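Here's a walk through one protein chain, written for someone who'd rather look at side chains than at statistics. Keep the viewer open and follow along.

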Amino acid sequence: MTYQDFEKAATNTGLASAVKTAVNAWKNGTTYNTAVDADSYDRHKNITLANISAMKAEMGKRLYGNAGNDAKSEISSNFFHRLNTQRCNYLLGNGLSFPEKETGGRFGAKFDTLVKDIAYKALIHGVCFGYWSDKLYCFEVTEFAPLWDEETGVLMAGVRFWQIAPSKPTFYVLYEADGYTKFVDKDGVMQLTDDKHGYIQVVSKTEIDGEMIVGERNYSALPIIPMWGSKLHQSTLIGLRSAIDAYDIVNSGFADDLNEMQEIFWILQNYGGMNQDDLTKFFRRLKWFKVAEMDTSDSGTITPYKQEVPYQSRQIFLDNIRKQMYEGFGALDVHQLSAGSTNDHIDAAYQPLDEEADDLEFQVIEFVQQLGALLGIDEGKCTPQFKRNRISNQSEQVAMIVQEAAWLDEETIIKKLPNITPDEIDDIMARKAAETIDRGFGGGGE
């Protein structure tokens, strides 16, 4: 539903009904449902694998009754969370810095952490929203239905919704440029619970009455800003999901084969009179007790055979799928680096991750600049800077610094040393400055 559709619905059916319709339309859309699936994979739950296991269990039960109701292995990998965490933390693990320190103070003490949370959800959901009300809040697409302008694509309004349990009421807050309005849905009936309020309270202070709210006002624009996870404007689950499913299905099937395999199995001859229940009982006894009773008095024979589960082909497949996931996602696979890798090799391994982090960096910069504009901060002052963490061959790096030392001043040399933190640099330079002053006073008194 677009913002124009919402306005028409509000005119025809009323504002409360239009709010509920907007949320229902959003929950039936692709973005919302992809985000719900992404949350499952992010929590180490492969819903495709779970559905396949449930289907196999149902088919076995229908074919063989309770005898076919074996639990299947569900080994869910952690690739989705791991890869997205690597990209997000690589860019934002050290927080944001600004050309002027006071700019960071305008955004609040926990601004770095909140931006990282929003960026991570933007990656796995495709988009996430930051709501500003004295500080930054994270609105995920699983709890916020955006209303875009169908002509310009600008976010014009949105509805936040939540429900703590299916039997409890659903709460709604409609956010518009000129304020927010609250509703509640009890037993299918939408009700207005609070009239529209401005986003900023105007407070008056007097010696007699103290602080009093004397009015309300709004920002220059809607105080909700979208952050996209990439220029594709889609969840990272798209494309990656099929590879994760293939890996988990093969890995789980391998575990089932090992669990159900009989190192020695038996061929029964002249036992055609055995029905399905008899064969099932025989198999059960072999599986659990490794022995079964058989009557061989009527020329029946039992011949043992040895079997082995194919291993090498599956392991090659799993290794290839894992490699493809890292390459396709643009992630750093540390298994491709050795302890003696040179910095040239390390830099080459980081190149795909740098390219994907650059894409996310542009999205974060645009988000912060829009937030700065909302707060009246000049664009040049609120353009964030980033410091990326990466492993390196420190011995090689130090050796290069030693070679360049003749052309560098002492402070530059200390700043370039890889094993010294910024705080330690400040302490070292402060001590050296103090030592210089002490020597100066000492020389003057002699």
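Phe171 is a good place to start: it sits in strand β5, which covers residues 170-176. Bear in mind throughout that this is a predicted model. With a relative accessibility of 34%, Phe171 counts as partly exposed. It teams up with Trp162 and Ile164 in a nonpolar patch on the surface, and together the three have about 330 Å² of accessible area.

**The chain overall**

Zooming out, the protein chain has 14 helices and twelve strands. Of its 446 residues, 36% are buried. The chain exposes about 26300 Å², with carbon and sulfur atoms supplying 51% of that area. If you take contacts between residues at least 6 apart in sequence, 62% of them join residues at least 24 apart.

**The start of the chain**

Helix α1 spans residues 3-13, and its buried residues are Tyr3, Gln4, Phe6 and Ala9. What do the buried residues of α1 pack against? Their partners are α2 (15-27), β3 (144-148), β4 (155-162) and β5. Right after α1 comes Gly14, which has a positive phi, near 105°.

**Salt bridges**

The count here is 14 salt bridges. Three of the pairs are worth a look, and the table gives the closest N and O atoms for each.

| Acidic residue | Basic residue | Closest N and O atoms |
|---|---|---|
| Asp37 | Arg241 | 3.0 Å |
| Asp39 | Lys121 | 3.7 Å |
| Glu176 | Lys196 | 3.0 Å |

Take the bridge between Arg241 and Asp37. It links distant parts of the chain, with Arg241 in helix α8 (residues 237-260) and Asp37 in helix α3 (residues 30-42), 204 residues apart. Arg241 is partly exposed, because its relative accessible area is 24%, and Asp37 is partly exposed as well, at 22%.

Next up is the bridge between Asp39 and Lys121. Asp39 lies in helix α3 and Lys121 in helix α7 (residues 111-125), so this pair ties together parts that are 82 residues apart in sequence. Are these two buried or exposed, Asp39 and Lys121? Both Asp39 and Lys121 are buried.

The last pair in the table is Glu176 with Lys196. This one links strand β5, where Glu176 sits, to strand β7 (residues 189-197), home of Lys196, and the two residues are 20 apart in sequence. Glu176 is buried, since its relative accessible area is 12%, while Lys196 is partly exposed at 37%.

There's also a network of salt bridges, which links Asp354, Asp358, Glu361 and Arg388.

**Thr48 and its neighbours**

Back to Arg241, which has another partner to show you: its side chain makes a polar contact of 3.3 Å with the side chain of Thr48. Thr48 is in helix α4, residues 47-64. Why does Thr48 count as buried? Its relative accessibility is 19%, and the cut-off for buried is under 20%. Setting aside neighbours within four places in sequence, Thr48 is in contact with Tyr41, Arg241 and Asp245.

**Cysteines**

How many disulfides does the count come to? The answer is zero. Cys128 is in no disulfide, and the nearest cysteine sulfur, that of Cys138, is 3.5 Å away. A disulfide here needs the sulfur atoms within 2.5 Å, so the pair doesn't qualify. Cys128 is buried, with a relative accessible area of 0%. Cys88 counts as buried too, at 1% relative accessibility.

**A loop residue to finish**

Phe386 is in the loop between α11 (343-374) and α12 (394-404). Which residues does Phe386 touch, not counting those up to four places away in sequence? They are Leu91, Leu92, Leu96, Glu361, Val364 and Ile365. Glu361 should ring a bell, as it also belongs to the salt-bridge network with Asp354, Asp358 and Arg388. As for Ile365, it is 21 residues from Phe386 in sequence, and the C-alpha atoms of the two are 10.0 Å apart in space.

Definitions and conventions. Residues numbered from 1 in each chain as written. Predicted model: local features only at pLDDT ≥ 70, side-chain atom pairs only at ≥ 80, totals over all residues. Heavy atoms only, no water. Helix = DSSP H or I, 4+ residues; strand = E, 2+ residues; numbered from the N terminus. Buried < 20%, exposed > 50% of the residue type's maximum accessible area, 1.4 Å probe, protein only. Polar contact = N/O pair within 3.5 Å; in protein donor to acceptor, adjacent residues only side chain to side chain. Contact = heavy atoms within 4.5 Å. Patch = residues over 30% accessible without salt bridge, like charges linked within 9 Å, V, L, I, M, F, W, Y side chains within 5 Å. Areas by Shrake-Rupley, 256 points an atom, 1.4 Å probe, with all protein chains shown as cover. Salt bridge = Lys/Arg side-chain N within 4 Å of Asp/Glu carboxyl O.
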